[in-house]
Amino acid sequence: MTTSTQKTDNVVKRAVQMVEREGVVALDLETTGLDPRRSEIRLAQVSDGEKIFIIDLFKRDGRALFEALAREDLIVLAHGGDFEWRFIYHHYGIALENIVDTLLMARLTFRGDTTLRAGLGDLAESELEI
């Protein structure tokens, strides 16, 4: 009989395996606040564009996932990636030097035009028409 903990551990393991197979993955964190010194990481979400894993970090240790994400030959896409970087570094001591920040890229593309909206929803609508 499989316990809930074993099933959850298996999800973390499969998420790590997906990250290890890919060259590009997307990352998003949900936190209890905006300051990594005062807030916790609640959820880590990773996707290869087809599969999505959501890891409850209040119940699971995310270290193996974040170590896999730190692989030098991996591109980690994150909208507002400095946020993810700060939280992961503060809580796990892992520097994701391979983050490509889609928010920063959008702002650079807009060349300082602050009238153009660069939120994730805005970009999905303007660039992907969804």
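# Exercises on salt bridges and strands

Arg38 and Asp35 form a salt bridge in which the closest N and O atoms are 2.4 Å apart. The model behind these exercises is predicted.

**Exercise 1.** Determine whether Arg38 and Asp35 are buried or exposed, and place Asp35 in the chain.

Solution.
- Step 1. Take the cut-offs: under 20% relative accessible area is buried, and over 50% is exposed.
- Step 2. Arg38 has a relative accessibility of 69%, so Arg38 counts as exposed.
- Step 3. Asp35 has a relative accessibility of 17%, so Asp35 counts as buried.
- Step 4. Asp35 belongs to the loop between strand S1 (24-31) and strand S2 (41-47).

**Exercise 2.** Find what the side chain of Asp35 contacts at Arg38 and at the backbone of Arg37.

Solution.
- Step 1. With the side chain of Arg38, the side chain of Asp35 makes a polar contact of 2.4 Å.
- Step 2. A polar atom of the Asp35 side chain lies 2.9 Å from the backbone nitrogen of Arg37.

**Exercise 3.** State which parts of the chain the salt bridge between Asp9 and Arg60 ties together, and how accessible each partner is.

Solution.
- Step 1. In the salt bridge of Asp9 with Arg60, the closest N and O atoms are 2.5 Å apart.
- Step 2. Asp9 sits in helix H1 (residues 4-21), and Arg60 sits in the loop between strand S3 (52-56) and helix H2 (63-69); the pair therefore ties together parts that are 51 residues apart in sequence.
- Step 3. Asp9, with a relative accessible area of 38%, is partly exposed.
- Step 4. Arg60 counts as buried, at 18% relative accessibility.

**Exercise 4.** Locate Asp82 and Arg86 in their helix, and then name the residues that salt bridges with shared partners join into one network.

Solution.
- Step 1. A salt bridge joins the side chains of Asp82 and Arg86, at 3.6 Å from N to O.
- Step 2. Both residues lie in helix H3 (residues 81-92), and because they are four residues apart there, about one helical turn separates them.
- Step 3. Asp82 is partly exposed, with a relative accessible area of 43%, and Arg86 is partly exposed at 34% relative accessibility.
- Step 4. Asp35, Arg37 and Arg38 are joined into one network by salt bridges that share partners.
- Step 5. The count of salt bridges comes to seven.

**Exercise 5.** Describe the two faces of strand S4 and the pairing of S4 with S1 and S5.

Solution.
- Step 1. The side chains alternate along S4 (residues 75-78). Val76 and Ala78 point to one face and are buried, while Ile75 and Leu77 point to the other and are not.
- Step 2. S1 pairs with S4 in the parallel sense, over three bridges. Leu77 in S4 has Ala26 opposite.
- Step 3. S4 also pairs with strand S5 (residues 99-101) in the parallel sense, over three bridges. Here Ala78 stands opposite Asp101 in S5.
- Step 4. Together, S4, H3 and S5 make a right-handed β-α-β unit.

**Exercise 6.** Summarise the protein chain by its elements, buried share, contacts and surface.

Solution.
- Step 1. The protein chain has five helices and five strands, in the order α-β-β-β-α-β-α-β-α-α from the N terminus on.
- Step 2. Of its 130 residues, 36% count as buried.
- Step 3. Among contacts with a separation of 6 or more, 56% are between residues 24 or more positions apart.
- Step 4. The accessible surface comes to about 8500 Å², and 52% of it belongs to carbon and sulfur atoms.

How values were computed: Residues are numbered from 1 along each chain as its sequence is written. This is a predicted model: local features need pLDDT of at least 70, side-chain atom pairs count only at pLDDT 80 or more; totals for chains, interfaces and linings use all residues. Side-chain values use heavy atoms; hydrogens and water are left out. Buried means under 20% relative accessible area, exposed over 50%, partly exposed in between (1.4 Å probe, protein chains only). Contact means heavy atoms within 4.5 Å. Accessible areas come from the Shrake-Rupley method with a 1.4 Å probe; for residues, only the protein chains shown count as cover. A salt bridge is a side-chain nitrogen of Lys or Arg within 4 Å of a carboxyl oxygen of Asp or Glu. A polar contact is a pair of N or O atoms within 3.5 Å; within protein, one must be able to donate a hydrogen and the other to accept it, and residues adjacent in sequence count only if both atoms are side-chain atoms. Two strands pair if DSSP finds at least two bridges between them. A crossover is right-handed if, with the strands pointing away from the viewer, the path from the first strand over the helix to the second runs clockwise.
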